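Q: Could you take me through one part of this structure closely? I would like to hear about the salt bridges and how each pair is placed.

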Amino acid sequence: MTPESRPTLTCLIPAYNEGARIAAVLAALRDHPLIDEVLVIDDGSRDDTVMQAAAALAFLPQGRLLQQPQNGGKTRALARGLAEARGSHVLLLDADLTGLTPLHLTRLIAPVLSGAADLSISLRDNAPWLWRAIGLDYISGERVLRRDLILPELATLETLPKFGFEVFLNRLALTSGARIAVVRWPGVKSPLKGAKYGLWQGIRGDIGMLRDMARTVPLWRLLAQILRLRARRIA
């Protein structure tokens with residue numbers, strides 16, 4: 001596939017209070033031959049995320065910084081990015097990853113851009129042990145997909161809870177019959193909320209995330225969703 005014939009790819013990075021980590025994530029994107037555009041969507045951060053992102057984006061000529069007027073949650077930040085993206089495909093990345101390299105990105109991107117899969121999902125080193133055991137992190141924030149898979153749902157995204165995006169996207173992927181590639185990412189980790197915010201605030205954050213997921217997809221359907229996603233994996 002030549003550069004002229006391959007699909008175009010926009011990387012979307014929603015960020016909230018990730019000033020200590022976002023520069024390292026953006027460094028992995030620098031000069032990546034498969035990434036045509038980088039959008040960082042700051043979700044009303046109260047730390048130096050905007051400053052750190054702007055400094056790192058100075059080395060990414062294809063990069064832009066979008067700022068939400070107030071903190072509205074990851075789902076709305078991604079809706080903003082999806083609306084403004086120019087690529088035919090999108091690469092979704094969390095802003096707090098450690099150990100990320102250009103090779104990790106290539107491995108996640110390749111199955112979708114080559115046409116072998118319709119959706120790729122990362123499986124990080126520190127994903128919960130159960131997800132690693134079954135070979136699928138169904139709420140991983142690192143994914144590659146066609147933008148038109150979710151573009152018709154932008155209005156719906158605006159109504160979802162802050163952390164309902166991944167399980168909503170899973171539902172869309174299953175409805176469309178998407179072929180799914182799970183890509184193991186050795187060496188890549190995402191810090192636990194307790195490590196970032198302190199024990200009790202981290203616990204509250206995890207509870208809030210679970211609550212948002214359950215508001216998006218009933219808990220009794222999540223198990224079925226996981227089983228169906230595993231069944232859609234390509235070899």
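A: Here is a walk through the salt bridges, with a short look at the surroundings afterwards. Please keep in mind that this is a predicted model.

Searching the whole structure turns up 13 salt bridges. As general background, side chains of opposite charge can pair when their charged atoms come close.

Let us start with Arg 179 and Asp 118, whose closest N and O atoms are 3.0 Å apart. This pair links distant parts of the chain, 61 residues apart: Arg 179 sits in the loop between H7 and E7, while Asp 118 belongs to the loop between helix H4 (102-113) and E5. The two partners can be told apart by their exposure. Arg 179 is partly exposed because its relative accessibility is 32%, whereas Asp 118 has a relative accessible area of 19% and is therefore buried, the cut-off being under 20%.

Next comes Arg 124, which forms a salt bridge with Asp 137; here the closest N and O atoms are 4.0 Å apart. Arg 124 lies in strand E5 and Asp 137 in the loop between helix H5 (129-134) and strand E6 (143-146), so the pair ties together parts that are 13 residues apart in sequence. Both Arg 124 and Asp 137 are buried.

A further pair is Arg 146 with Asp 148, where the closest N and O atoms are 2.9 Å apart. Arg 146 has a relative accessible area of 33% and so counts as partly exposed; Asp 148, at 47% relative accessibility, is partly exposed too.

Salt bridges also join up into a network, which links Glu 37, Arg 64, Arg 80, Glu 84 and Arg 86.

Now for charges outside such pairs. Arg 132, Arg 184, Arg 230 and Arg 233 come together on the surface as a patch of positive charge. Of these, Arg 184 is in strand E7 (residues 180-185).

Finally, a look at the nonpolar side of the picture. The largest nonpolar core has 39 residues, and Leu 12, Tyr 138 and Leu 157 touch the most other members. Among the elements that give two or more residues to this core are strand E2 (37-42), helix H3 (74-84), strand E5 (119-124) and helix H7 (165-175). H7 gives the most, with seven residues. Strand E5, then, contributes to this core and also holds Arg 124 of the buried pair.

Methods
Residues numbered from 1 in each chain as written. Predicted model: local features only at pLDDT ≥ 70, side-chain atom pairs only at ≥ 80, totals over all residues. Heavy atoms only, no water. Patch = residues over 30% accessible without salt bridge, like charges linked within 9 Å, V, L, I, M, F, W, Y side chains within 5 Å. Areas by Shrake-Rupley, 256 points an atom, 1.4 Å probe, with all protein chains shown as cover. Salt bridge = Lys/Arg side-chain N within 4 Å of Asp/Glu carboxyl O. Lys, Arg positive; Asp, Glu negative; His and termini not counted. Charge placed at Lys NZ, Arg CZ, Asp CG, Glu CD. Helix = DSSP H or I, 4+ residues; strand = E, 2+ residues; numbered from the N terminus. Core = buried A, V, L, I, M, F, W, Y, C linked by side-chain atoms within 4.5 Å. Buried < 20%, exposed > 50% of the residue type's maximum accessible area, 1.4 Å probe, protein only.
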